[in-house]
Amino acid sequence: VGTSGPIHQLTGFTPTTLQGELVTNKGSSNVRPVISDNQIVWGSNKSYRVLGAAFDDRRGGLLPEDLTLLADHVFTGQNKLTQLALQEEPWSLVWGVREDGLLWSCTYDRDQGVRAWAQHKIGGTHSVNGLVSGSSASVEITRDHASVKSICTIPSTDERFQELWMVVERHAVQADGAPTSVDKIYRSIEVMTRRFELDDRDEDAYYVDCGIAAQDIPVDGNGD
């Protein structure tokens with residue numbers, strides 16, 4: 001049972017009472033948790049730690065852990081966790097989005113002791129209002145990555161793996177890199193393509209940001 005205070009594991013209940021055991025004093029946020037096998041992963045009540053818990057035979061209950069213990073730069077007080085998603089196949093990946101739209105993944109296998117965070121900058125730029133060091137005035141800051149607004153995972157059409165789908169926001173920029181007017185904002189629904197496998201041809205590798213693949217479309221002599 002997740003609350004902003006301690007986390008409890010229900011051990012029994014009646015129409016008028018609840019029985020439970022304390023799992024951890026670190027509470028949960030309003031970010032929806034994800035469940036993989038017998039493991040649950042959630043954001044802390046301050047949304048800058050990612051916590052996990054699984055049943056432990058020796059303890060006879062849930063054993064908590066901090067997945068960001070050695071990666072406290074992933075989510076911070078200025079860039080908190082906003083969403084989690086689980087991609088179980090082809091790898092066990094927990095995806096997380098920060099307030100600044102930056103996408104992170106955690107390769108998570110509790111039994112094998114694997115907890116590896118990786119940053120994924122989606123191509124493009126976006127602008128946010130922020131404070132400059134030493135000043136109280138709010139200014140527009142351009143980030144060097146697109147902003148991921150929402151994520152989810154669904155089975156692929158061939159059901160061989162799960163796909164990560166995202167709502168991505170980009171802000172148009174001028175030729176000199178300066179941001180354009182605020183109304184030049186584009187949002188798109190994007191999907192991360194499947195992994196490149198050993199028996200795939202090199203010319204079929206397709207790793208771009210917000211790309212569109214076209215087949216059987218005639219072109220002229222200029223390649224247009």
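**Exercise 1. A hairpin and its sheet**

Task: Find the bridge partner of glutamine 83 in β8, and then place β7 and β8 in their sheet.

Solution: Before we start, note that this is a predicted model, in which residues are numbered from 1 along each chain as its sequence is written. Local features need pLDDT of at least 70, side-chain atom pairs count only at pLDDT 80 or more, totals for chains, interfaces and linings use all residues, and side-chain values use heavy atoms, with hydrogens and water left out.

Step 1. Look across from glutamine 83 into β8, and you meet valine 97 as its bridge partner. Strands here are DSSP runs of E with at least two residues, and helices are runs of H or I with at least four, both numbered from the N terminus.

Step 2. Count the bridges: β7 and β8 share six, in the antiparallel sense. Two strands pair if DSSP finds at least two bridges between them. Five residues lie between β7 and β8, which form a hairpin.

Step 3. Move on to β9, which runs antiparallel to strand β8 (residues 93–98) and is joined to it by five bridges. Here tryptophan 95 faces serine 105 of β9.

Step 4. Assemble the order β7-β8-β9-β10, an open sheet of four strands with antiparallel pairing. Because β7 and β10 (114–120) each have a single partner strand, they stand at the edges, and one side of each has no neighbour in the sheet. On average, neighbouring strands of this sheet are turned by 20° against each other, direction ignored. That angle is taken between axes, which are lines fitted to C-alpha atoms (for helices over the stretch in contact), with angles running from 0 to 180 degrees between N-to-C directions.

Step 5. Check the cover on β7: six of its seven residues are buried. Buried means under 20% relative accessible area, exposed over 50%, and partly exposed in between (1.4 Å probe, protein chains only).

**Exercise 2. Another four-stranded sheet**

Task: Which strands stand at the edges of the sheet that contains β3 and β6?

Solution: Step 1. Write down the order, β3-β4-β5-β6, for this open sheet with antiparallel pairing.

Step 2. Read off the ends: β3 (34–36) and β6 (61–66) have a single partner strand each, so one side of each is left without a neighbour in the sheet.

Step 3. Go to the middle, where strand β4 (residues 39–43) pairs with strand β5 (residues 50–56) over five bridges in the antiparallel sense. In that pair, isoleucine 40 has alanine 53 in β5 as its bridge partner. Neighbouring strands of this sheet are turned by 25° against each other on average, direction ignored.

**Exercise 3. The nonpolar cores**

Task: Which residues touch the most other members of the largest nonpolar core?

Solution: Step 1. A nonpolar core is a set of buried Ala, Val, Leu, Ile, Met, Phe, Trp, Tyr and Cys residues joined through side-chain atoms within 4.5 Å. The largest one has 17 residues, of which Val41, Val50, Leu67, Leu84, Val94 and Trp117 touch the most other members. Two elements, β7 (81–87) and β9 (103–109), give two or more residues to this core.

Step 2. Add a second, separate core of twelve residues, including Trp95, Leu103, Ala146 and Met166.

Step 3. Zoom in on valine 94: beyond four places in sequence, its contacts include Val41, Leu84 and Cys106. Contact means heavy atoms within 4.5 Å.

Step 4. Compare two cysteines: cysteine 106 is buried at a relative accessible area of 0%, whereas cysteine 152 is partly exposed at 38%. The whole structure holds zero disulfides (pairs of cysteine sulfur atoms within 2.5 Å).

**Exercise 4. Two residues of β14**

Task: Is glutamate 169 buried or exposed, and which side chain does it join in a polar contact?

Solution: Step 1. Locate glutamate 169 in strand β14 (residues 162–171). With 9% relative accessible area, glutamate 169 counts as buried.

Step 2. Follow the side chain of glutamate 169 to that of arginine 187, a polar contact of 2.8 Å. A polar contact is a pair of N or O atoms within 3.5 Å; within protein, one must be able to donate a hydrogen and the other to accept it, and residues adjacent in sequence count only if both atoms are side-chain atoms.

Step 3. Turn to leucine 164, also in β14, and buried at 0% relative accessibility. Threonine 153 is eleven residues from leucine 164 in sequence and 4.6 Å away in space, C-alpha to C-alpha.
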